[in-house]
Amino acid sequence: MVVGKKGIPIISNKEDANFREALKLFDSKQYKKALKLIDLNLKKNSNHAESLALKGNLILNLPANGENKESDSLSYINKAIAKDSSNYLVDHLIGIYYRSKENYFEASKWLKLSLDNGSPNKAILRDLSFMQVHLRDYKSLKESRQIYLEHQPGYRANWTGLAIAQYLNNELTNSINTLSKIEDIITPHLNASDLYEHNECTLFKNKIYGELKDYSKALEVLEGDESKILDKLSYLEYRAKYLLMMDDKKSASKIYRALIKRNPDNVAYYNLLELSLDTINKPVETRVKLYEKLSNFYPKSDPPKFLPLTFIPSTNPIFETKVKEYLIPQLIKGVPALFVNVKPLYKNQSKSEIIEKVVLEFVDNELPNIQNPTVSVWTNYYLSQHYLYKKELIKAMEYINIAITHSPTLVELYIIKSRILKHENKIAEAMEVMNEGRELDLQDRFINSKATKYMLRNNCVNEAIDTISLFTKLDEGTINGCKDLHIMQVNWILIESGEAYNRLYSHYKLQLESQENDTDKEEIQELVEIYKGLSLKRFQSVLKNFEIFYADQYDFHSYCMRRGTPRDYIDLIKWEDKIHSTPVYIRALKGLTNLYFELYEEQKGTPPTDDDIQVKKINKKQKKAQVQANKKRQEFATRVESEKDDSDPFGINLINNLLSDDILTKLYELYKPLIVEGKDLLLTWESLFKIYLYQGKYVLALSAIKNFHKLLNNNGTTTTTTKHCKIISNMLIALSDTLNSDIDVNPAIKKVVEKGIISSYPDFEK
Amino acid sequence: MGRDIIALDDLTINNVGVLKKINEVTVGTNYPQSWYDSILKSSDSIVKLAYYSEIPIGGMKAKTFNNSQSKSNFQEVISSNISNKTPNCVYIESFAILKAYQSLGVGSKLLTWLIEETKSRFIHEIIVHLHTDNKKAIEWFEKKGFKQLTEIKDYYKDQGLENPDAYLHSLTV
C-alpha cells in the first residue's frame with residue numbers, strides 16, 4: 001500500500017535488499033519480522049537512513065513494549081532526518097510516521113518533499129491530497145489532484161476529486177468542465193452499479209451551474225440530463241428553483257404542487273408555492289382560499305391547516321374561526337404536541353389572547369358534554385402550558401394540578417409541572433416531580449433524560465448518572481454508565497455534569513473560607529480539588545469529542561470520492577468548518593475559560609514550590625481514618641471514571657499539568673478557531689480581550705474591544721444596553737490601567753493603543 | 001376508530017410505578033413496596049393494566065392460592081406466600097380504576113379477562129375482600145354476580161381506617 005514496486009531503487013547491496021524485504025513486511029503489517037531485518041541492517045550500518053526511518057515507524061506500530069514508545073520512535077525519525085533528509089524514501093516514511101500520529105501538517109510536508117525529491121510513487125499524491133483538504137490547503141490540493149489525475153485518468157473518482165478541489169478553490173467553471181469531460185468519456189461505458197455515482201456527479205455539476213446563477217443554462221443542462229438523474233426529488237427541487245429564479249412562475253408553481261403531492265408535510269414547499277403563485281401580497285381571503293383547497297386535497301397534513309394562522313392578522317375575524325377549527329379537533333383528539341405546534345403563534349400577543357379565549361370557551365361550553373375523560377386532561381395540559389408561556393405560573397400550576405389529580409398516571413403532565421417548578425426556582429422540587437413522572441414509565445427515554453438533566457441542575461450528579469445508566473451499556477465490572485456516556489459522546493450529559501461539578505466546586509470553596517476546624521478543612525479542601533478537577537475534565541471531554549468529530553472527516557476524504565457523493569461531501573466540509581461555534585462547544589469553552597483564568601491567577605499568586613509535600617506523623621487513629629477516606633475516594637473514583645482504568649479519574653493531573661504550563665497560550669489555542677468560526681459571539685471577544693490583556697498584547701486587546709462593540713451594534717440593538725456599555729467601559733479601564741502600570745511596555749505601542757482608545761472612544765475619560 | 005378505546009396490557013418491570021400510582025390515589029389501603037416488588041417474581045400472580053385512549057387508568061392484581069387456610073385480616077393476606085398445594089381459588093388483591101374513568105366499562109373488561117384467565121387455570125372460584133363502607137364497590141361486584149360469604153371484623157385493622165370491617169365476596173366461574 002505504501003511504496004509500490006516503482007518506489008524501490010535498484011538493489012545495490014545487502015542492506016538495501018534487507019530494507020526492501022522489511023518494507024514489504026511493514027506493508028503487510030508483519031512488524032516484528034520487519035524489525036528483525038532492520039536491526040540487522042543497523043548493526044552493520046548504523047547510518048542507514050531508510051532503515052532508521054522505517055524503524056521509527058515500526059516501533060510506533062508495534063504493541064507498546066515500554067513507556068518510551070513515543071519518544072523512542074521519534075528519536076529514530078529524527079536520526080533519519082539528520083542522516084539523509086533528501087532521500088525520497090526516507091521522506092515518505094517520515095510522512096507515514098506523522099500520518100499515523102494524525103499530525104497532518106508535518107505529514108503533508110514530508111510527503112510533498114518526497115515527491116519533490118523525485119519519488120516515482122504517485123500514490124503519495126492521493127494521500128497528500130487527503131491531508132491538504134483536511135488542513136484546508138485548497139491551493140495545494142488542486143495541484144496534487146491535477147497531477148494525480150494526469151497520472152491515473154482511468155478512474156472517475158480522480159476526476160471528481162479534481163472537480164471538488166476546483167470547486168473548493170471557487171473555480172466553478174473549471175469544476176464544471178472537469179465534471180463534463182469525464183461524464184462524456186464515461187457515459188458509453190457505464191454499468192448498472194455506476195448509475196448512482198453518475199447521478200450524483202451530474203447533480204453536483206448542476207448544483208454548480210446553479211451557484212453560477214446562470215439559471216437558464218442550469219435549467220437547460222438539468223433537463224438534458226434528466227435521464228441520468230435517479231434522485232427525482234432533487235431534480236424537481238432544482239428545476240422549480242431555476243424556474244422561479246428565471247421568473248417563469250407559472251411553470252415553477254406546477255412543480256411545487258407536484259412536490260407538495262410527494263410530501264404534503266413539508267412547510268417549505270407551501271411557502272415556495274405561494275412565492276411562485278405570487279399570492280403573498282394578495283388579500284388574506286385569497287390566500288385562505290388557496291390553503292382551504294390544499295387542505296381538502298391533503299386532509300391529513302398539518303401545514304395547510306396551520307400556515308393560514310401565521311398570516312391571518314389577529315384583527316381579522318377569520319382568525320378566530322380558523323384557530324378554533326385548528327385547536328378544538330386536536331384537543332378532542334388529545335394531541336399531546338398541540339401546544340408546541342401552535343407556539344409560533346404566541347409571538348403575536350393578540351393572537352395568544354384569542355387562543356386563550358377560544359380554549360376557555362371550549363372548557364365552559366363544550367367540554368362538559370364530552371364523554372371521553374381524556375379530553376379534559378389534554379385541555380388542562382394545554383392551558384397549563386399556555387399560562388407557563390405567559391409566565392403566569394400560579395395559573396399554570398392550578399391547571400396542571402387539576403390534570404394530575406384527574407389522571408395521575410400520565411407522564412407528560414409531570415414534565416410540565418416540573419418545568420413550572422423550575423421557573424419558580426424550586427429546583428429541588430422540580431427534580432422530585434420529574435422523577436415521580438419517570439417512575440411511572442421507566443422505558444420512556446425522554447423523561448429519563450429530562451429527569452437526569454434536572455438532577456444535574458440540582459447538583460445530584462451521582463443520582464443523575466445512575467438514572468441515565470438505565471439506557472447505557474453496562475460493561476462487566478462497571479457500576480454505572482459513565483464510561484459509556486463518554487464513548488457515546490453524550491455531550492449534553494458531559495456539559496451538564498461539568499457545570500454541576502463546577503457549582504459544587506464553588507459551593508465547597510465558599511464553605512472552605514468559613515471553616516474553622518482543621519480536619520474538616522482538609523476534607524473540604526479535598527472536595528474542592530476533586531470537583532474542580534472533575535469540572536475541568538468534563539468540559540474538556542466535550543472539546544475532545546469535537547476534536548474527534550473533526551478528525552473523523554479524514555476517512556471521508558477518500559470514501560466520498562470512491563462512492564461518488566460530492567454534494568454530501570461538500571456539505572460535510574462546510575459543516576466541519578463551523579463546528580467550533582456549536583452551542584454546546586461554546587458552553588464547554590465558557591466553563592473552561594473561567595477555570596483557566598482562575599488557574600492563571602493561582603499560578604501567578606503562588607510560585608511553584610516543592611515543600612508542599614510534607615510527611616506528617618500519623619497516629620493509629622488517623623491512619624485508620626485515612627484508610628477509610630482512601631476507600632471512599634476509591635469508590636468515588638470508580639463512579640466518575642471516564643475511560644477504563646482511568647489514570648486520572650478526578651482530573652487532578654489535568655489541573656497540575658495546566659499549572660505547570662503556559663495557561664494563557666493554552667487558552668488562546670482553544671479560542672483560535674473561534675476568531676473565524678465564532679466571530680459573531682460576544683464570548684469570543686470578551687475572552688480574547690482578557691487573554692491579550694494578560695499577555696501584554698495591547699493592540700490586539702483594543703481590537704477585541706472594538707469587535708465586541710461592533711457585534712453589539714450588528715445584533716440589531718442599535719442602542720447598546722447599559723449592561724453591555726458597562727462591560728465595554730470596564731474593558732477600556734482595565735486596558736488603560738494595565739497599560740499604565742506596565743513598565744516594560746514599548747512606548748510606541750503604548751502611544752498607538754492610547755491613541756486608538758481616544759479615537760474610537762472619545763467619550764472615554766481616564 | 002378501528003381500535004377499542006379501552007385496552008388491557010401486561011405489567012412489566014418498567015411500569016410497576018403505574019399500578020402503584022393508581023392504587024395510591026384510588027384505594028384506601030396501603031400496599032408495601034415489597035408487595036409491588038414481588039408481583040413480577042412470583043408465578044401465582046395474575047395482573048393486568050387497563051388503558052383508556054392509551055393512558056393507563058386501571059390495574060388489577062390477583063393471585064392463585066389454596067383456600068383451605070383462611071386468613072383473618074388484610075395484612076396477613078397480602079404478606080402471605082403460602083400454599084405449595086394446588087391452587088383452587090383466585091383472590092383479588094387489588095382492583096382499581098381512576099375515579100375520572102369509572103363507569104366506562106373498564107372494570108368489566110378487566111373482570112371478564114380475569115374470569116377467562118381463572119378458567120384457563122382450571123380454577124372455579126374468585127374471591128375478594130371489600131370494605132364494608134365501600135358501597136359502590138360492593139354494589140358493582142354483586143351486580144357482576146359475586147355473593148357475600150361472611151363479614152370479617154377488624155380486617156383492615158392496621159390501615160388506620162375508621163371502620164376496619166370487610167366483607168368476603170365470592171364468584172363461582
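With which residue of chain A does B:K21 form a salt bridge? In this predicted model, the partner is A:E436, and the closest N and O atoms of the pair lie 2.6 Å apart. It is a good place to begin a tour of the interface, since the rule finds one salt bridge across the boundary of chain B and chain A. Polar contacts add to the picture, with four residue pairs counted between the two chains, both partners being at pLDDT 80 or more.

On the side of chain B that touches chain A, at least two residues each come from α1 (16-26) and β3 (55-65) of chain B. Helix α1(B) gives the most to this side, namely five residues. Sorted by class, the side comprises 12 nonpolar residues, four polar ones and one charged one.

Turning to the interface as a whole, 17 residues of chain B are in contact with 17 residues of chain A. About 1,400 Å² is buried between the chains, and carbon and sulfur atoms give 63% of this area. Within chain B, the residues that lose the most area to chain A are B:N14, B:K21 and B:I55, which together make up 42% of what that side buries.

A residue of chain A completes the tour. A:I400 sits in helix α22 of chain A, which spans residues 393-406. Is A:I400 buried or exposed? A:I400 is buried because its relative accessible area is 0%. Leaving aside residues up to four places away in sequence, A:I400 touches A:Y381, A:S384, A:L413, A:I416, A:K417 and A:I420. By contrast, A:S193 lies 58 Å from A:I400, C-alpha to C-alpha, with their positions 207 residues apart in sequence.

Definitions and conventions
Residues numbered from 1 in each chain as written. Chains lettered and ligands numbered in written order. Predicted model: local features only at pLDDT ≥ 70, side-chain atom pairs only at ≥ 80, totals over all residues. Heavy atoms only, no water. Contact = heavy atoms within 4.5 Å. Buried area = accessible area lost by both parts, 1.4 Å probe. Salt bridge = Lys/Arg side-chain N within 4 Å of Asp/Glu carboxyl O. Polar contact = N/O pair within 3.5 Å; in protein donor to acceptor, adjacent residues only side chain to side chain. Helix = DSSP H or I, 4+ residues; strand = E, 2+ residues; numbered from the N terminus. Nonpolar A, V, L, I, M, F, W, Y, C, P; charged D, E, K, R; others polar. Buried < 20%, exposed > 50% of the residue type's maximum accessible area, 1.4 Å probe, protein only.
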